[in-house]
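Please find below a colleague's note, set out in numbered points for a reader who is new to protein structure. It is best read with the structure open alongside.

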Amino acid sequence: MVGTVAVAAGGVVAQALPVVTASGAVRRRWWPHLAGVGAASRIALTFDDGPNRTSTSLFLRALERAGVQATFFVLGTLLDRDPGLGREMAAAGHELAVHGWEHRNLLWRSRAATYADIARARDAIAAVTGTSPSWYRPPYGVLTTSALLACRRLGLAPRLWTAWGRDWEATRSPASIWETIVKDLGGGGTVLLHDSDYASTPGTWRGALAVLPRLVDWARDRELTIGTLGTHQGTGAVEDRAWRTPVPGTSWAWRRTGWVTASGEATA
């Protein structure tokens, strides 16, 4: 009976986790590291869905002009097409992080398929940059228990965001993108934009590119430093207790400080 209850509870957590973490307000309140909250004097700038030679190169030029470095959550399948672009990004001081091999919703993927997708992308980044990545962001921000287990095995820390521009939507102008960003943005936050239209309407990346100078000016007017997640939160990401995941086959429960066994022992 106890075993049945534990399995049932595990199933509930597996289904509830994406719903709970999808709420920006909830994750900022209960899991600030997952949301990307860091030093109050800084802002982390992150981009998803690249790299793409046509669009990402323009973002790299804009960031170089501004003297800003960022974290790019890349897709392995795109990096594999243009590893030279990945090397250029790393040489410019930008962080490459894992967005998966393919841009697919993890809710419909098995545990094995989830692990294979994340591991393949991690290995591609390591091969291109010579450095194993620290961060993982799931496509669509849908973080599942299978993804957490994979991150634990692969030495990755999941990171979402505190502010975004919804810049993938075709109807978004630079002005509306900026209004959406700034209503949730403050010191210590993490911004999500897109340097590629791989998973959105063609050309939508132009809106994100247009608001980039405004974002930099806004931060500097407030004496906030914009940079990578690594400088924002530190690179010891895998030590986050709040997102250590349970050992398979163990009776466990969720606590705000992390997964614990039935005896109350925190998982390592």
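1. Helices (H or I, at least four residues) and strands (E, at least two) are DSSP runs, numbered from the N terminus. The model discussed here is predicted. With these names, E223 can be placed in the loop between α10 and β8 (225-227). Its phi is positive, about 60°, although E223 is not a glycine. Is E223 buried or exposed? The relative accessibility of E223 is 72%, and therefore the residue counts as exposed.

2. D49 is another residue other than glycine with a positive phi, in this case near 80°. This residue belongs to strand β1. D49 has a relative accessible area of 4%, so it is buried; the cut-off for that word is under 20%.

3. After β1 the chain enters a loop that leads to α4, and P51 has its place there. The peptide bond between G50 and P51 is cis, with omega at about 5°.

4. Helix α4 covers residues 53-66, which makes 14 residues. From first C-alpha to last it reaches 20 Å, close to the 20 Å expected at 1.5 Å a residue. At its N-terminal end N52 acts as a cap: a side-chain oxygen of N52 lies 2.9 Å from the backbone nitrogen of T54. After the helix comes G67, with a positive phi near 70°.

5. Which residues of α4 are buried? They are S55, T56, S57, F59, L60, A62, L63 and A66. The following rule helps in reading such a list. An α-helix has 3.6 residues a turn, so residues three or four places apart point the same way. The cover over the buried residues of α4 includes β1 (42-50), β2 (71-74), α6 (83-91), β7 (190-194) and α10 (205-221).

6. Strand β7 deserves a point of its own. Five of its five residues are buried, so β7 is largely enclosed by the rest of the structure. In a regular strand the side chains alternate between the two faces of the sheet. In β7, T190, L192 and H194 point one way, while V191 and L193 point the other way.

7. What are the pairing partners of β7? β1 pairs with β7 in the parallel sense over five bridges, and H194 is the bridge partner of D48. Strand β6 (residues 163-164) also runs parallel to β7 and is joined to it by two bridges; here W164 has L192 as its bridge partner. Together with helix α9 (residues 174-182), β6 and β7 make a right-handed β-α-β unit.

Definitions and conventions: Residues are numbered from 1 along each chain as its sequence is written. Side-chain values use heavy atoms; hydrogens and water are left out. The expected span of a helix is 1.5 Å times one less than its number of residues. Buried means under 20% relative accessible area, exposed over 50%, partly exposed in between (1.4 Å probe, protein chains only). Contact means heavy atoms within 4.5 Å. A polar contact is a pair of N or O atoms within 3.5 Å; within protein, one must be able to donate a hydrogen and the other to accept it, and residues adjacent in sequence count only if both atoms are side-chain atoms. Two strands pair if DSSP finds at least two bridges between them. A crossover is right-handed if, with the strands pointing away from the viewer, the path from the first strand over the helix to the second runs clockwise.
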